[in-house]
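Subject: The structure, and what turned up in it

Hi,

Here is the structure I promised to pass on. Have a look at it first, and my notes follow underneath.

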Amino acid sequence: MARDHDADGGGMMIREASPDDGPMLVDFFRDTPIAAGTTFAFDRGPDFFALLRAQGEHRTLLMHDGGRLVGTATVLWHRAHDGDRVVRLGEVRDLRLGRGHRGGRSAWRLLAAVHDVLREIVVDSVVSLISDANRDAIPMASGRLGLLRLAPTTRYLSAHYLGWLAPQARRSPWRVTPAKDGDGEALMGLFKSGRRALRFDPVEGPMWPDPSGRSSAWLARDRRDRPVGALLLWDGEAVRRIRVTHYDWREWPLRLLSHAAGLLRVTVPLPPPGGVLRTWASRGFAVESHDPRLVRALLGAALRAAARSGRHVVQLNLRESDPVIPLLPSWPRSLHHSTVYAGPLHADPRSPSPIGDVHADIALA
């Protein structure tokens, strides 16, 4: 239920968003980019809340100053595994503060309202994912503002590979094909292998076939037709687009390479500032054999499909302890790091078990 309250006894007010606030939130997100190396904004039009509805129950808070929207934050919650228990997990995401409100009392007030929501919905634990390059956001999660006090736990590597017409190996012990509707059991079996020790894995995880129709998958089989590897990619363009506003200087070599390869028609050149970076993002990547050739075969199939579909990038999101990482090829790519911050409300964030998948792309800005 929406509640309005005066944040400072003056002109600043925090209230819960309603469906009618969607267009205003779309505009605010487009105008409030995230600076994390390369600067970009999420375009969530035409339906701002579509992405959230697909991922759990949620409440979005709006902070107004003199009637003008200056900040937002969303609390999303869903069921997740924690050892042998199923817990109620809260995620803090979509925290945006406009220029002139990115520190001090404004941030504290918005986080205080987030804290109130987390207590009201009675979650067991709280997580948030923040890019390591987004240095302004880290104090908001680490308790330096006196709230939340989330501790760094699991680190993630995000490898952005250019979609390109990668050559196929002429002789390979594996056959890689697009997954069919009947391959769900084989895909999920490979993804779930070895994941029982992960904390906070969503109970309602990825499914195949994807009911939304937004995913593509590839399955590798050995010469005995046994499933030995799988890759599942999600296309979120219908509910969230990544609009690049400024490239970091470290991205320029990859951008120049993509334009040169585009002239040869083997890739789609990266977009100019202001353009949309069209991506497929991983929701599962597993191989039974630690053979880099198997990883290359699966990834190559996905990159070829991405290039043919006009996608710029295949984004692999992997925990830094994932055994796939040392097997990744050094094909044209950029690497980005992020950290999951976790904390009570009742659980111990110092648990040695790694954290499972977190939905948020970048939670704070």
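Strand β13 (residues 227-234) pairs with strand β16 (residues 279-287) in the antiparallel sense, over six bridges. If you want a spot to find that pairing on screen, L233 stands opposite S282 in β16. Keep in mind as you click around that this is a predicted model.

β13 has another partner too: seven bridges join it to β12, again running antiparallel. Here W218 has L231 in β13 as its bridge partner. β12 and β13 make a hairpin with five residues between them, and D225 in the turn has a positive phi of about 65°. Is β13 mostly covered or open? Covered: seven of its eight residues are buried.

Strand β2 (residues 12-16) tells a similar kind of story. Four of its five residues are buried, so β2 is largely enclosed by the rest of the structure. β2 runs antiparallel to strand β5 (residues 57-65), with five bridges joining the two. M13 is a handy marker, since its bridge partner in β5 is H64.

Now the charged side chains. Side chains of opposite charge can pair when their charged atoms come close. How many salt bridges does the structure hold? The count is 23, and here are a few that I looked at.

- D27 and R30: their side chains meet in a salt bridge at 3.8 Å, N to O. Both residues lie in helix α1 (residues 22-30), three residues apart, which is about one turn of the helix. D27 counts as partly exposed because its relative accessibility is 40%, and R30, at 39%, also counts as partly exposed.
- E204 and R79: the closest N and O atoms of this salt bridge are 2.6 Å apart. E204 lies in the loop between β11 (201-202) and β12 (215-221), while R79 lies in strand β6 (residues 68-82), so the pair ties together parts that are 125 residues apart in sequence. E204 is partly exposed, with a relative accessible area of 48%, and R79 is partly exposed as well, at 45%.
- D291 and R293: these side chains meet in a salt bridge at 2.9 Å, N to O. D291 has 15% relative accessibility, so it counts as buried, whereas R293 is partly exposed at 43%.

The D27 and R30 pair also belongs to a network of salt bridges, in which D27, R30, D43, R241 and R243 are linked.

On to the empty space. Rolling a probe the size of a water molecule over the atoms shows where such space is left. The structure holds two cavities of 30 Å³ or more. The second largest cavity has about 60 Å³ of space in it. Which residues line the second largest cavity? They are D235, G236, E237, R240, R241, I242, V276, L277, R278 and T279. The elements that give two or more residues to this lining are β14 (241-246) and β15 (276-277). By type, the lining divides into three nonpolar, two polar and five charged residues. You will recognise R241 in that lining from the salt-bridge network.

There is also a pocket to show you, the second largest one, with a volume of about 350 Å³. Of the 15 residues that line it, the closest to its centre are Q168, A169, S172, R296 and A297. What gives the most to the lining of this pocket? That would be helix α7 (residues 292-308), with six residues. The lining residues of the second largest pocket divide into eight nonpolar, three polar and four charged.

One last thing to look up is P46, in the loop between β4 (38-43) and α2 (50-53). At 78% relative accessibility, P46 counts as exposed, the cut-off being over 50%. P46 and V239 are 193 residues apart in sequence, and their C-alpha atoms are 8.0 Å apart in space.

Happy to go through any of this with the model open.

Cheers

Terms used. Residues numbered from 1 in each chain as written. Predicted model: local features only at pLDDT ≥ 70, side-chain atom pairs only at ≥ 80, totals over all residues. Heavy atoms only, no water. Buried < 20%, exposed > 50% of the residue type's maximum accessible area, 1.4 Å probe, protein only. Pairing = 2+ DSSP bridges. 1 Å grid on protein atoms, 1.4 Å probe; cavity = no way out; pocket = protein on both sides within 12 Å on 5 of 7 lines; lining within 4 Å. Points joined across faces, edges and corners; volume = space filled by probe spheres on them. Nonpolar A, V, L, I, M, F, W, Y, C, P; charged D, E, K, R; others polar. Salt bridge = Lys/Arg side-chain N within 4 Å of Asp/Glu carboxyl O.
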